[in-house]
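Hi,

Here is the structure I said I would pass on. Have a look at it first, and below I go through what I found in it.

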Amino acid sequence: MAGVDELIAKEGVEEETVEAVKSLAGAYKYGWETEIEMEYAPKGVNPDIVRLISEKNDEPEWMTEWRLEAFARWEKLEEPSWALLNYPEIDFQDQYYYARPKSMEEKPKSLDEVDPKLLATYEKLGIPLKEQMILAGVEGAEDMPAEGRKVAVDAVFDSVSVGTTFQAELKKAGVIFCSISEAIKEHPELVKKYLGSVVPVSDNYYATLNSAVFSDGSFVYIPPNTRCPMELSTYFRINAENTGQFERTLIIADKGSYVSYLEGCTAPQRDTAQLHAAVVEIIIEEDAEVKYSTVQNWFPGDEEGKGGIYNFVTKRADCRGDRSKVMWTQVETGSAVTWKYPSCILRGAESQGEFYSIAITNNYQQADTGTKMVHLGRDTKSRIVSKGISAGKAQNTYRGLVSMHPKAKNSRNYTQCDSLLIGDKCGAHTVPYIEVKNNSSRVEHEATTSKVDEEQMFYCRQRGMDEEEAVALIVNGFAKEVLQALPMEFAMEAQQLVAISLEGSVG
Amino acid sequence: MLKINNLHVKLEEEDKRILKGVDLEVPAGKVHAIMGPNGSGKSTLSYVLSGRDGYEVTEGDATLDGEELLDMEPEERAAAGLFLAFQYPVEIPGVGNMTFLRTAVNAQRKARGEEEMSAADFLKFVRAKAKDLKIDADMLKRPVNVGFSGGEKKRNEILQMAMLEPKMCILDETDSGLDVDAMKLVSEGVNALRDEGRSFLVITHYQRLLDHIKPDVVHIMAAGRIVKSGGPELALEVENNGYADILAEIDA
Ligand SMILES: Nc1ncnc2c1ncn2[C@@H]1O[C@H](COP(=O)(O)OP(=O)(O)O)[C@@H](O)[C@H]1O
Ligand SMILES: [Mg+2]
């Protein structure tokens, strides 16, 4: 399909029809496609494909073996069905597992050498691939000086990383930020030590598949006592048709370090569903802190539920060291199906995990998402704030596990789980699992479900806002606590995204 | 300005008639007051004019500067210059007062084909208006009406009115629950907005508000109709004798 912008009235087609199509497609702003020559691995997955991916990435033998073992395991597994999700069976042999732009065959030495078409893609998405300051323009920023901030970006396009910015400057601080394929070659000792140490190859169906076929993703290492001098981010773009994206991210925060990492994702608008199965592993040593923020905006499918990304993601942080800390913040607005539970293993004494989530589902979208807080160490703390918003015919489930192990003495959890319904054809579900195996720990759980209030709507409209503006404002207010947890640049984007994802939800 | 002609309104869901033939005309630049016993339909009138759901107009019409009000969406009426200061302003958790105001101001500008107000201009504008109403920076940042005292809520309504610069302002019992000082602030806020191009319809139970905001005409509403109209002295009569005499006079 041609990009929506390029839609022109063909002979015999009503101008009005074209306008109508444009405005419908306009709801998802990233639905266009980059026309670029691609190279694919043959369809399907088998040991040969696994070897091929490994070969394309120029990997050492140990990595190939690791993948093959994962594949052998995956073949024996069955796809899980416990989530409150309803989608047609996925034919894992009917898609491509590797797609890379032809121009990336020889890895460009610097961003200057990257195919201008790829650079233009990121520019159109609003992702800075030049090493420049980003100006914050966020609500509440009036009172702050307009100072620029730097954000380093790793840009992943289908199966490959196109380039990573600010690498030299980060290197000076001792920070390693590169694609995982590069890390496997350049820092094998770190990769060998940590890969699969948080999400084992055997963890679950999708993670096992990912271990066999992941093609690229990001790698971060922050050395001891280092505060990463800028925010790091990875921007995932699926472009190719019938192609799954299997990315792998590995973040290691050594003792006493700090990093804030952001992740963004978009994909073109297509009639057929596409698979995305990622694994993110975070290792946090003593006194270190990691903030991981996601704005997930994969194509959600159209108003009739056609197409969209099936998003099966395993994200886990291992707070290994004492007093280590992780904070997950996610804004999930895209994908036709979301299966995602960013988790915290609170192993170190006094370690802390936080999870802030906004999940918006509209039309036929389905989300089954939440977190796991596994308290292993003494005096560990966790906090969960989940805001689910459903509109249209969408279903939204919060699924959360809080587990206090026998040795996790004096630990605390607080969970707040709020659902907001727009209209009466959608659903919200809360599925909390709580296990407490010692008697000095405490778990608190609060849950609410409400509807967008008619009086609030009328109040906003009396002041001049139309229904969609009013809903967006009220929903942003509902989700405020989570939006506030995001870094500034993302908070702004997320606020607008809330409005866009709810288009067509009222009236 | 505002013309209401034989307006009949019933509840949408049940067969209950509330307004039974309201006739009212408020010319440009004038202040009209409506008084009347509880349950006589004053709030209903303000809701129907501003387009709230739940009511059905069975007869009659209402125009603002010749434009048919009842055919418009609530936000179109707002953009056309109709403003309602609510008797019970709602709370909107998580939405900063300032964000709310800015969204409203820009929504109306957009609807009228005007350019959005820049962040800097807006800030200057809102700070100046807030100062007059003794609304501090903290109240501007807090979520809309959440945890506001009764007086703060009403002052906030007047702030919104001042920011939106409507031409037809309806105030529904804005004075109820206000102490003397707050009442003074609110009336000063209203008086500052009085202008030959702007009209007011002030719904109240009490003469004391009308001491501050001098009405041109006072109407008495009872059982869904305007039963008597007169000058400011009519308000005094109500204050002194209650509604009983007036109602008896009409029944007779
Ligand atoms: N939404 C509603 N549902 C049920 N009754 C209503 C509703 N709105 C108004 N009424 C009734 O209509 C009458 C007029 O109410 P209202 O307009 O609030 O009067 P006032 O503002 O003069 O006190 C009252 O009897 C009230 O109970
Ligand atoms: Mg009333």
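Asn362(A) counts as buried because its relative accessibility is just 2%, under the 20% cut-off. This is a predicted model, by the way, so please read everything here in that light. Asn362(A) sits in a loop of chain A, the one between β17 (352-361) and β18 (366-375). What does Asn362(A) contact once its neighbours within four places in sequence are left aside? There are Ala391(A), Gly392(A) and Ala394(A), and then Ser501(A), Leu502(A), Glu503(A) and Ser505(A).

Another loop residue to look at is Ile127(A), which you will find between α4 (116-125) and β3 (133-135) of chain A. With a relative accessibility of 14%, Ile127(A) counts as buried too. Again leaving aside neighbours within four places in sequence, Ile127(A) is in contact with Tyr122(A), Val153(A) and Tyr235(A). Take Val153(A) from that list: it is 26 residues away from Ile127(A) along the chain, and the two C-alpha atoms are separated by 8.1 Å.

Now for the charged pairs. Side chains of opposite charge can pair when their charged atoms come close. Over all chains, the count comes to 35 salt bridges. I picked out three of them for you.

The first on my list joins the side chains of Arg67(A) and Glu59(A), with 2.8 Å from N to O. Are these two residues buried or exposed? Arg67(A) counts as buried, at 0% relative accessibility, and Glu59(A) is buried as well, with a relative accessible area of 12%.

Next, still in chain A, Glu481(A) forms a salt bridge with Lys387(A), and their closest N and O atoms are 3.5 Å apart. This pair links distant parts of the chain: Glu481(A) belongs to helix α11 (residues 480-483), Lys387(A) belongs to strand β19 (residues 381-390), and the two positions lie 94 residues apart in numbering terms. Glu481(A) is partly exposed at 31% relative accessibility, whereas Lys387(A) is buried, with a relative accessible area of 5%. Both residues also belong to a network of salt bridges that links Arg383(A), Lys387(A), Asp418(A) and Glu481(A).

Over in chain B, Glu152(B) forms a salt bridge with Arg142(B), where the closest N and O atoms are 3.6 Å apart. Glu152(B) is in helix α6, while Arg142(B) is in the loop between α5 (137-141) and β8 (143-144), and the two are ten residues apart. At 18% relative accessibility Glu152(B) counts as buried, and Arg142(B), with a relative accessible area of 22%, is partly exposed.

Helix α6 of chain B comes up once more, this time in helix packing. Two packed helices are described by the angle between their axes and the distance between the axes. Here helix α4 (residues 119-132) of chain B packs with helix α6 (residues 150-164) of chain B at an angle of about 135 degrees, and their axes are 10 Å apart. That angle makes α4(B) oblique to α6(B), and their crossing is right-handed. Which residues meet there? From α4(B) come Phe122(B), Phe125(B), Val126(B), Lys129(B) and Ala130(B), and from α6(B) come Leu159(B), Ala162(B) and Met163(B). Sorted by class, this contact has seven nonpolar residues, one charged residue and no polar ones.

That's it from me for now. Happy browsing!

Notes: Residues are numbered from 1 along each chain as its sequence is written. Chains are lettered from A and ligands numbered from 1 in the order in which they are written. This is a predicted model: local features need pLDDT of at least 70, side-chain atom pairs count only at pLDDT 80 or more; totals for chains, interfaces and linings use all residues. Side-chain values use heavy atoms; hydrogens and water are left out. Axes are lines fitted to C-alpha atoms, for helices over the stretch in contact, and angles run from 0 to 180 degrees between N-to-C directions. Helices (H or I, at least four residues) and strands (E, at least two) are DSSP runs, numbered from the N terminus. Angles under 35 degrees count as roughly parallel, over 145 as roughly antiparallel, 65 to 115 as roughly perpendicular and the rest as oblique. A crossing is left-handed if the near helix is turned anticlockwise from the far one by less than a right angle, and right-handed if clockwise. Contact means heavy atoms within 4.5 Å. Ala, Val, Leu, Ile, Met, Phe, Trp, Tyr, Cys and Pro count as nonpolar, Asp, Glu, Lys and Arg as charged, and the others, Gly among them, as polar. A salt bridge is a side-chain nitrogen of Lys or Arg within 4 Å of a carboxyl oxygen of Asp or Glu. Buried means under 20% relative accessible area, exposed over 50%, partly exposed in between (1.4 Å probe, protein chains only).
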